[in-house]
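Student: I should like to study this protein by means of questions. May we begin with the structure itself?

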Amino acid sequence: MNKIKLLIISTLIMVCAISNAQTIVVSQATSNTVSIAVRDSASTDPIWGAVVTVYDKKDSLINLTDANGQVSIDRFKIKSDSITIKVRQMGYFEKTLREPLAKSGTTYFTVLLKEDPTTLNEIIIKADAVAMVMRGDTTVFNSAAFKTMEGDVLRKMLEQFPGVKIEGDNVMFNGQRINRILLNGKNMFGKDIGNAMDMILSKEVKSIKIYNMDSVEDLAKNKTEAKERVIDVQTWNPIKNISEINNTLQAGIINGNQSEFNERNSFKESLKLGYYSLSKMPRITADFLAQNNSSEFSSPLRQYSGAISIAKEFTQKGGYSANLSFNSQKVKSHSEESIVHSALSAWPDRKDSTMKDERNNGKNLNLTGRAYRISGKNIFEVSGVASYSDEDTFNRNLATIDNNGEITGYDRIRSNNQTGASVTLHAGYTRKFAKRKRTLKVQPSISFASAKGNGLSIDTTTYTISREWLVRDKQSSSLDPAINIYWTEPLAKNTLLDLSTTWSYRQVDMQDLNTDMQSGRLDLNRTQDFLQKNLKQTVTGMIRYGRLNDGLFISSGISLVRNAMNVNERESLMKDWSKDYIIPAATLIIGYTKKSFNLHAEYVEEDNMPTLYQLRNVLDYANPLYLSAGNNDLKMPVKRTLDLRAGLSFPKNAMSLVMSLNAGFQSNKIVQQTVYYQEREYLEEYGYYAEKGSCLARPVNISGAYNLVSAINLDKYFSSIHSNLSLTLDYNRSSEPFFIETDRHTELNDTYSLLCMFEMNSEKHQLMFIPELSYVEDALDGELSYSSLSPSLSAEYTQRIGEHFEFNGHLYAYASFTNKKDLSYSNLTLDSSLSWLFGKDNRCRVSVFGKNLTNSLGGWSNSVTQQFVRHVTNQYLGRQFGIGFTYIFSKR
């Protein structure tokens, strides 16, 4: 009996010791890994999404536990014989321990976390008081503090977070781009951020973490152990897979302002399927679209398109992806444009008008694939792209010019048919040397493209009573081999030297023969028959310094770029010629992240070689009113860009402040220089007579162009009323120099805007109110030529009716008041929908909607560019009606 009591007492003592212990070393195996299991100390259940930081003497590694509460780390990444393990998870006390580590074999650790009742009450129960907290460099949002309706998706919740900005499928947090969305620490969605936001139900979200982690693929250029900014969605229960069906059927009436647009019908059908899983099954997405418009003035007139994608990543092993897409469309469009020449022109009172009719029947098919394999210190990668296209185009351009009534018109009709195919193959090999963190990366690639077509061109010039009938026979092929080599060498602690070289070669064989139907001879001015060879060589040296503890990252380097072009003209008035450009390019990147503050500064220099057609000094007189030619003396344009972004979070106040400045400067920018002919003049260089009233445009270099884009954004979330307030102040300036004849002029544009967004959310209704005011000034040579004041208001309201019905209405009003009364205008649009929600958690949604119900869209666009003021009048589609169906299914 005493032995039994002693055994019971001994067992109780052991259990108590285990419950208070940080770690237990279980066993060692033959593979070189460190396995850490995190469990609840009371229930011993696995804890997923816990932040596990492993420190050795030189570095630290950060990972998240999976659905089984485990983390595995390669032993070769740890350089010391002992490690410090720190484990953090919302709602638990933080645990830190230091343990010895075997030199080989697998070492197992189990960490038991004890619940923190104070934190649980603060975060989960008192949700109004805490919306966001900082855990080291990790920002944690509490879902209970943000109200959403039943059936809403993750996107609706993220839009309420201070500091988070969403544009389509792109997400930014405090000025930093989000690279992917994880689900409970798992890479279920890959980089399909849009589908992740639209397929995770907000009701399933427990909390959301934003932090930096090692790249899933670790294949980023010029980087080893690359970092990614991720959103990690923690759910109340583990989710094994998510699927979605989204079908929309839309029909409408095109009811424009002109009589010929009235009562035209339109039809649109779209289908979207998605499947994502944590099992061995790949993620699968499919999109299909079919639409038809009976109006000849809508684009596209008919379209069928679709895409199917499959992809899968295996942590520290590899992955694969494949995508097949197709598109078939028939387009008809009609546009009218008037050009009012300013006082800078040769003729101040001259007015041009242009009318265009275009038709396009096109088909294309694209197939892409990629696979990579991580085998210890080696990474193998292969990828390929294949495409096919078939295009049939027709366009007619009617232009008239009023210059004392002497020139009356020009008419050009062109019809072309072209088919083409291309194939690109890419391979990559990366070798990591663990001893000194050296990395070698070799990436060869090759691509081939071929195209063939024919066409007919008919040009008629009224004032010369001339007609030209040209038959086009076009074929081309290109070959593009290239190789990239990267080498990374450690210099000192936290410092690496990156050396890289890129060699790319491009050969294009082009034959675009234009034959006169009457004489049967080639038109040498319009014929393009040449062999083009391009060789681009780049050598780059870059030094990178980074400290993981405070998130400091500095990268600076310089590149030497050589761009050479050689052209062999076979049937042309131009002889063989070549160009060779050599320029240096500098790069500087500074990044710093410390708790709630982040800073990013980047300076980049980029070259942009002139195109073949800009360099070919051959006259194009297809439009005798507007002649054009190339310039073989062009210099290499260089663009210098400075990008500054700073973000600061105030977790206690649920507030975020983001400031950004982007400045771009261009030297040797290529612009068109136009020469006007007030009398008929012979152009000896081209052997051509320029008619009176015509002009010749040639590309030339000019410096002094720049643009500035700055913004300040303040977000504040009010937990007590579940509302978000956002204020954004923007200032943009652009300066564009240009030539008129030989005189240099400058267009300066300043834009100021103030935007305020107020959003209120509850479980029964959502309200969004966005007023904006913008002011624009456009000046030529310091004199104001155009200004506008534009207020706008966007308001959206959603109301849940009972448990299964929902009403949504969206109103947008816009007005523009200018210094020219005839250019002022306003419009008003109204969209609304009524939805029926049913199924478990209202995951099924059927919606009936109407768009542009007020049917008052329309307006104009105005710009001052080069030598004239351009004024374009726009027409839009009218009322649209439709029905949509969405179903989201997730399996736990």
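Tutor: We begin with a term: rings of Phe, Tyr and Trp pair if their centres lie within 6.5 Å. Please also note that this is a predicted model.

Student: Which residues form one aromatic cluster?
Tutor: The structure holds 12 aromatic pairs. A pair of aromatic rings is described by the distance of the centres and the angle of the planes. The residues that form one aromatic cluster are F141, F146, F161, F173 and Y717.

Student: Is the pair of F141 and F161 stacked or edge-to-face?
Tutor: The ring centres of F141 and F161 are 4.3 Å apart, and their planes meet at 10°. Planes under 30 degrees apart count as stacked, and those over 60 as edge-to-face. The pair of F141 and F161 is therefore stacked.

Student: How many residues apart are F141 and F161 in the chain?
Tutor: F141 belongs to strand β10 (residues 138-142), whereas F161 is in the loop between α3 and β11 (164-167). F141 is buried at a relative accessible area of 0%, and F161 is buried at 1%. The pair links distant parts of the chain, and their separation is 20 residues.

Student: Which class describes the pair of F146 and Y717?
Tutor: The centres of these two rings, F146 and Y717, lie 4.3 Å apart, with the planes at 40°. An angle that is neither under 30 degrees nor over 60 falls in the remaining class. The pair of F146 and Y717 is therefore tilted.

Student: How far apart in sequence are the parts that F146 and Y717 tie together?
Tutor: F146 is found in the loop between β10 and α3, and Y717 in strand β39 (residues 705-718). F146 is buried, with 3% relative accessible area, and Y717 is buried as well, at 2%. The parts that this pair ties together are separated in sequence by 571 residues.

Student: Which element gives the most to the largest nonpolar core?
Tutor: In soluble globular proteins, nonpolar side chains tend to be buried together. The largest nonpolar core here has 35 residues, of which I208, I231, V233 and I242 touch the most other members. Several elements each supply at least two residues of this core, including β15 (205-214) and β16 (227-235). The element that gives the most, with 4 residues, is α4.

Student: Is M757 buried or exposed?
Tutor: M757 lies in strand β41 (residues 743-761). The relative accessibility of M757 is 15%, and the cut-off for a buried residue is under 20%. M757 therefore counts as buried.

Student: What is the distance in space between M757 and F769, C-alpha to C-alpha?
Tutor: Beyond its neighbours within four places in sequence, M757 has contacts that include M768, F769 and I770. M757 and F769 are 12 residues apart in sequence. Their C-alpha to C-alpha distance in space is 5.8 Å.

Student: What is the accessible area of the nonpolar patch on the surface that contains L367?
Tutor: L367 is in strand β22 and counts as partly exposed, because its relative accessibility is 46%. Strands β20 (302-314), β21 (318-341) and β22 (351-375) each contribute at least two residues to the nonpolar patch. The patch is formed by F288, Y304, I308, L324, F326, L365, L367 and Y388, and their accessible area together is about 710 Å².

Student: What share of the residues of the protein counts as buried?
Tutor: The protein has 5 helices and 49 strands. Its accessible surface comes to about 43400 Å². Of its 892 residues, the share that counts as buried is 45%.

Terms used
Residues are numbered from 1 along each chain as its sequence is written. This is a predicted model: local features need pLDDT of at least 70, side-chain atom pairs count only at pLDDT 80 or more; totals for chains, interfaces and linings use all residues. Side-chain values use heavy atoms; hydrogens and water are left out. Buried means under 20% relative accessible area, exposed over 50%, partly exposed in between (1.4 Å probe, protein chains only). Contact means heavy atoms within 4.5 Å. Accessible areas come from the Shrake-Rupley method with a 1.4 Å probe; for residues, only the protein chains shown count as cover. Patches are made of residues with over 30% relative accessible area and no salt bridge: like charges are joined within 9 Å, nonpolar side chains (Val, Leu, Ile, Met, Phe, Trp, Tyr) within 5 Å. A salt bridge is a side-chain nitrogen of Lys or Arg within 4 Å of a carboxyl oxygen of Asp or Glu. A nonpolar core is a set of buried Ala, Val, Leu, Ile, Met, Phe, Trp, Tyr and Cys residues joined through side-chain atoms within 4.5 Å. Rings of Phe, Tyr and Trp (its six-membered ring) pair if their centres lie within 6.5 Å; planes under 30 degrees apart count as stacked, over 60 as edge-to-face and the rest as tilted.
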